[in-house]
Protein chains: 2
Amino acid sequence: MTLNQLKVFVLAVRLGSMRAAAQALGVSEPAVSQALTALRQSLGDPLLVREGSGMVLTPAGRRVVGLASQMVNLAVEAEAAVRHAHGSPELIRVAATATVGEAVVPALLQAYTNRATNVEATLGIGTVQELAALLTERLADVAIGPRLSGPAAVGILSEPLQRYRLTFVAARSDPLTTNGPVSLARLREVDWLVDPSGTDPLSEVGQLLGHARVPESRIRVFPSQSAAWAAAATGTGIAPAVEHLLGATGHPGLGFVPVGGSPFPMFWYASMLSGDRTPATAIRLRRFLATPDALQAMYRTDGGVPASKFRPPVHVTIWN
Amino acid sequence: MTLNQLKVFVLAVRLGSMRAAAQALGVSEPAVSQALTALRQSLGDPLLVREGSGMVLTPAGRRVVGLASQMVNLAVEAEAAVRHAHGSPELIRVAATATVGEAVVPALLQAYTNRATNVEATLGIGTVQELAALLTERLADVAIGPRLSGPAAVGILSEPLQRYRLTFVAARSDPLTTNGPVSLARLREVDWLVDPSGTDPLSEVGQLLGHARVPESRIRVFPSQSAAWAAAATGTGIAPAVEHLLGATGHPGLGFVPVGGSPFPMFWYASMLSGDRTPATAIRLRRFLATPDALQAMYRTDGGVPASKFRPPVHVTIWN
DNA sequence: GGGCGTCCTAAGCTAACCCTTAAGCCGTTC
DNA sequence: GAACGGCTTAAGGGTTAGCTTAGGACGCCC
């Protein structure tokens with residue numbers, strides 16, 4: 001029984017599958033399967049067994065998850081305690097969806113670290129489902145993205161962070177931008193150029209695509225929203241866009257697509273563990289989020305932060 | 001940071017030295033030093049530093065030791081949870097000093113496991129100082145030996161288990177047994193034949209030897225009390241003896257040595273964590289200890305249990 | 001039935017853990 | 001100063017964790 005095995009186990013339980021856990025941890029699937037095998041062997045219980053589609057906990061597994069989760073949490077706490085005792089910069093770990101993690105959150109975190117000295121921030125990108133699990137396992141202190149709800153989000157408090165408007169853009173030369181209102185059927189016939197969160201069924205864009213029944217073959221995933229825009233500007237297809245991120249003057253070469261009801265008013269939320277489980281570091285960030293500085297940072301379009309530092313590879317990064 | 005490293009660290013802190021931790025864990029001293037080095041490195045803090053004679057915790061170490069202890073405890077709990085869910089026999093881990101662990105506790109545990117079905121007992125031998133640490137680290141559920149007190153025993157409840165009388169024996173042919181009352185000075189001039197707890201300064205015999213200022217060169221340690229008796233019967237020297245364990249008829253070849261004040265009335269105690277930290281399994285054993293069956297078992301002289309099972313090697317055994 | 005998504009196993013590798021013995025360092029103590 | 005107890009470092013070796021790629025087993029769904 002190692003702490004790593006316990007972490008893997010808990011994450012597999014919270015995410016409901018080994019595949020998802022592997023993705024969240026950034027490792028191959030057998031790595032997760034094997035860690036679990038080792039844990040099963042050392043405890044002498046299957047812990048987590050397949051049942052039809054999906055997996056269920058054994059009675060022993062049900063008891064162990066809670067204990068394992070506590071152990072993982074304590075390990076994180078121990079590291080934080082050492083940092084604190086050293087007077088080292090406090091570390092805040094933020095997780096976000098791809099859309100908001102591309103520019104908005106980096107700008108936010110830079111503003112925060114500039115203002116509050118002695119704070120260091122890291123950012124990881126994950127799916128909406130992962131955000132909840134990362135928070136409850138204390139692998140992240142704050143999650144920024146859509147509101148977290150449902151059974152995976154018990155004990156998590158989501159509060160509105162910022163209002164934004166979701167629009168749709170295409171090349172100015174594209175008939176979509178000029179031919180008046182676009183029908184639902186038409187939306188299924190064009191290419192959708194999306195950032196990685198487009199493949200996340202719980203993200204804003206993912207939900208939209210699912211709702212409109214856009215076939216997967218029509219979805220083209222780009223490493224970032226701006227890359228999708230660039231592709232839209234020079235080629236064909238429609239790209240979702242956060243209105244104010246396009247820049248005050250609009251994007252040269254791009255025009256708005258008049259999808260019915262757009263621009264859609266939406267909210268980003270900041271989520272963290274509720275009650276006495278809220279990390280101290282999350283509380284401090286939340287205080288900052290209420291300031292005008294934070295609001296202003298979120299409206300900046302430049303990001304203002306070196307991409308190397310705050311733009312991790314396409315998928316999730318988990319911090320050790 | 002591994003669970004093993006944390007266990008070593010906590011034990012070193014509780015016992016106040018690496019040497020003691022190594023002995024308690026049954027490993028070499030560098031093994032402990034190394035585990036600690038690895039932990040220090042992974043946390044980036046010395047945790048435990050030398051200060052003159054003895055070691056003190058760094059500020060970070062002070063924070064970490066509590067968290068580490070919790071983690072180790074949770075790991076033990078997880079294993080117990082699996083056993084319980086399986087309907088496996090409940091495991092009770094008893095620690096005792098050498099004197100009482102040689103025959104009394106084995107007989108006690110056999111009576112207990114005979115009566116309470118679905119219970120499995122293991123026994124480890126340790127010094128008095130170790131007993132306290134083993135309990136607080138949940139490496140043992142119940143400790144049997146002298147009363148545990150002092151700073152290392154906070155949170156531990158010791159209650160009297162049985163009264164016994166400490167006497168002294170030597171070969172019948174030895175003048176000590178026949179020449180009337182023995183002076184203190186005389187006690188320092190004879191060989192003392194003791195079980196391993198004779199080297200434990202906090203054990204009953206150890207305290208006695210220390211009080212009487214018996215020089216170490218006069219102390220000969222045997223693997224068990226009965227081995228010491230056998231040596232006394234055929235050679236020279238004096239051996240402490242629990243009166244009722246000599247057998248109703250006395251031991252052939254041995255006679256009592258009239259040490260002033262002997263036989264000394266004393267108590268064995270059963271100790272366990274107090275409050276809500278008391279292991280459920282310890283509570284059940286305690287209930288048994290109050291029964292006549294338990295009393296009777298402690299008075300039996302045969303032990304009644306295969307030595308191989310309940311007589312671990314000379315020193316401590318720690319269970320994983 | 002065929003495809004697909006998901007989990008498991010196999011094989012091979014690297015790195016870390018954990019143990020040992022032997023020897024060095026540095027306090028305290030006589 | 002010499003001896004000693006106690007912690008550390010060094011060197012070496014066995015075992016296990018933990019990762020990968022490749023391939024097999026099984027249930028679900030069209």
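I take a polar contact as a pair of N or O atoms within 3.5 Å; within protein, one must be able to donate a hydrogen and the other to accept it, and residues adjacent in sequence count only if both atoms are side-chain atoms.

The model is predicted, with local features needing pLDDT of at least 70 and side-chain atom pairs pLDDT 80 or more, while totals for chains, interfaces and linings use all residues. Residues are numbered from 1 along each chain as written, chains are lettered from A and ligands numbered from 1 in the order written, and side-chain values use heavy atoms, without hydrogens and water.

**DNA strand D**

I looked up the polar contacts of DNA strand D. An N or O atom in the side chain of B:Ser33 is 3.2 Å from a phosphate oxygen of the strand. A:Gln5 has a polar side-chain atom 3.3 Å from a phosphate oxygen. For A:Gln34, I found a side-chain N or O atom 2.7 Å from a base nitrogen.

I then listed the surroundings (a residue is near if one of its heavy atoms lies within 4 Å). DNA strand D has 20 residues around it, A:Ser28 and B:Arg40 being among the closest. Sugar and phosphate make up 62% of the strand's atoms within 4 Å of the protein.

**Helix H11 of chain A**

Helices are DSSP runs (H or I, at least four residues), numbered from the N terminus. In H11 (280–289) of chain A, I noted A:Thr281, A:Ala282, A:Leu285, A:Phe288 and A:Leu289 as buried (under 20% relative accessible area, 1.4 Å probe, protein chains only). Down the axis of H11(A), the buried residues fall within an arc of 115 degrees, so they line one face of the helix; the arc is taken from the directions from the helix axis to the C-beta atoms.

Key
Buried means under 20% relative accessible area, exposed over 50%, partly exposed in between (1.4 Å probe, protein chains only). Helices (H or I, at least four residues) and strands (E, at least two) are DSSP runs, numbered from the N terminus.
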